[in-house]
Amino acid sequence: MVIKGSTPNPAISADGTEPLTPEQIVEHLRTLRPHIPEFGPLPVSDAQSLRRAAHVADDLVQAATNTVGASPLVATAIGKSADVLRIDREDVSRWSNVEHELETMLKGVAAANLGRRYRLGLAALQTYSITRQLVRQSENADLLPHVEAMRRVNTFGRRRRVPAPAAVVAAPPKV
C-alpha cells in the first residue's frame, strides 16, 4: 500500500538526480552549523528570560528605532544607533525566513517518516495476522515460535489493564 503522494524508495527524483541518503543529509546539515551566526541551543531558563522582550510588537520596534534616530541621548543610553537597530531588524526578518523553511522541512521529513512507519507497521501487523492463521495447519507448525515471539511483543490493540486497588486491611479495634 502506498500513501497518497509518497513513493517508497525512489531511485531517481523528478529532476533526474538521485536522492540523498539520510546520512548524507545529516552530514550536510552539520556542515551548515558553523556558518550560522549565534547558532546553538539555549538553556530553558535563558530562553524563557529572552522570550518576553523578543516578542515585542514590530510597531514598537519601529517606533523605538525612530526615537533612537531622533535622539543622540537615547542612542548613547542604549549603546546602539538607529542604523544598527534597522540592520538587526532586517537580520531578524531574514533569519525568520530560514527558521520557517527549516520548520517546513522538519514537518516534511516527519510526514515522510510517518508514512514509512505506517508501511512498516502495517506489514508487521499483516505478517502477524497471516502467520497466526497459517499455524492452525499442522504443515506450518515451524512458524509457531515466530507467532509466539510476535505475540509476546505485540502491544497493538491490547487494552491497558487498570491495576486493582490495593485491599485496605482494617486495623483491629483497640480495646
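This report describes the helices, salt bridges, surface and selected residues of a predicted protein model.

## Model and confidence

The model is predicted: local features need pLDDT of at least 70, side-chain atom pairs count only at pLDDT 80 or more, and totals for chains, interfaces and linings use all residues. Residues are numbered from 1 along each chain as its sequence is written, and side-chain values use heavy atoms, with hydrogens and water left out.

The mean pLDDT of the protein is 88, where pLDDT is the predictor's confidence in each residue, from 0 to 100. A value of 70 or more is reached by 85% of the residues. Among the elements, the lowest mean pLDDT belongs to α2 (89) and the highest to helix α4, residues 72–78 (97).

## Overall architecture

The protein has six helices and zero strands, giving the order α-α-α-α-α-α from the N terminus. Helices (H or I, at least four residues) and strands (E, at least two) are DSSP runs, numbered from the N terminus.

Of the 175 residues, 8% count as buried. Buried means under 20% relative accessible area, exposed means over 50%, and partly exposed lies in between (1.4 Å probe, protein chains only). The protein exposes about 15,700 Å², and carbon and sulfur atoms supply 60% of that area. Accessible areas come from the Shrake-Rupley method with a 1.4 Å probe; for residues, only the protein chains shown count as cover. Among contacts with a separation of 6 or more, 27% are between residues 24 or more positions apart; contact means heavy atoms within 4.5 Å.

## Salt bridges

Side chains of opposite charge can pair when their charged atoms come close. The structure holds five salt bridges, each defined as a side-chain nitrogen of Lys or Arg within 4 Å of a carboxyl oxygen of Asp or Glu. One of them joins D58 and R89, with an N to O distance of 2.6 Å. This pair links distant parts of the chain, with D58 in helix α3 (residues 58–70) and R89 in helix α5, 31 residues apart. D58 is partly exposed because its relative accessible area is 41%; R89, at 31%, is also partly exposed.

Another salt bridge connects D88 with K80, whose closest N and O atoms are 3.5 Å apart. D88 has a relative accessible area of 32% and is therefore partly exposed, and K80 falls into the partly exposed class at 37%. D83 and R86 also meet through their side chains, at 3.2 Å from N to O. Both residues lie in helix α5, three residues apart, which is about one turn of the helix. D83 counts as exposed because its relative accessible area is 52%, whereas R86, at 41%, is partly exposed.

## Nonpolar surface patch

W95, V98, L102, M105 and V109 make up a nonpolar patch on the surface, with a combined accessible area of about 440 Å². Patches are made of residues with over 30% relative accessible area and no salt bridge: like charges are joined within 9 Å, and nonpolar side chains (Val, Leu, Ile, Met, Phe, Trp, Tyr) within 5 Å. Within this patch, V109 belongs to helix α5, which covers residues 82–134. V109 is partly exposed because its relative accessibility is 47%.

## Buried positions

T131 is located in helix α5 and counts as buried because its relative accessibility is 10%. A polar atom of the T131 side chain lies 2.6 Å from the backbone oxygen of T127. Not counting residues up to four places away in sequence, T131 touches L143, V147 and M150.

N140 sits in the loop between α5 and α6 (144–153). At 16% relative accessibility, N140 is buried. Its contacts include L134 and V135, leaving aside residues up to four places away in sequence.

## A loop residue with positive phi

E38 has a positive phi of about 60° although it is not a glycine. The residue is found in the loop between α1 (22–32) and α2 (44–54). With a relative accessible area of 82%, E38 is exposed.

Conventions
A polar contact is a pair of N or O atoms within 3.5 Å; within protein, one must be able to donate a hydrogen and the other to accept it, and residues adjacent in sequence count only if both atoms are side-chain atoms.
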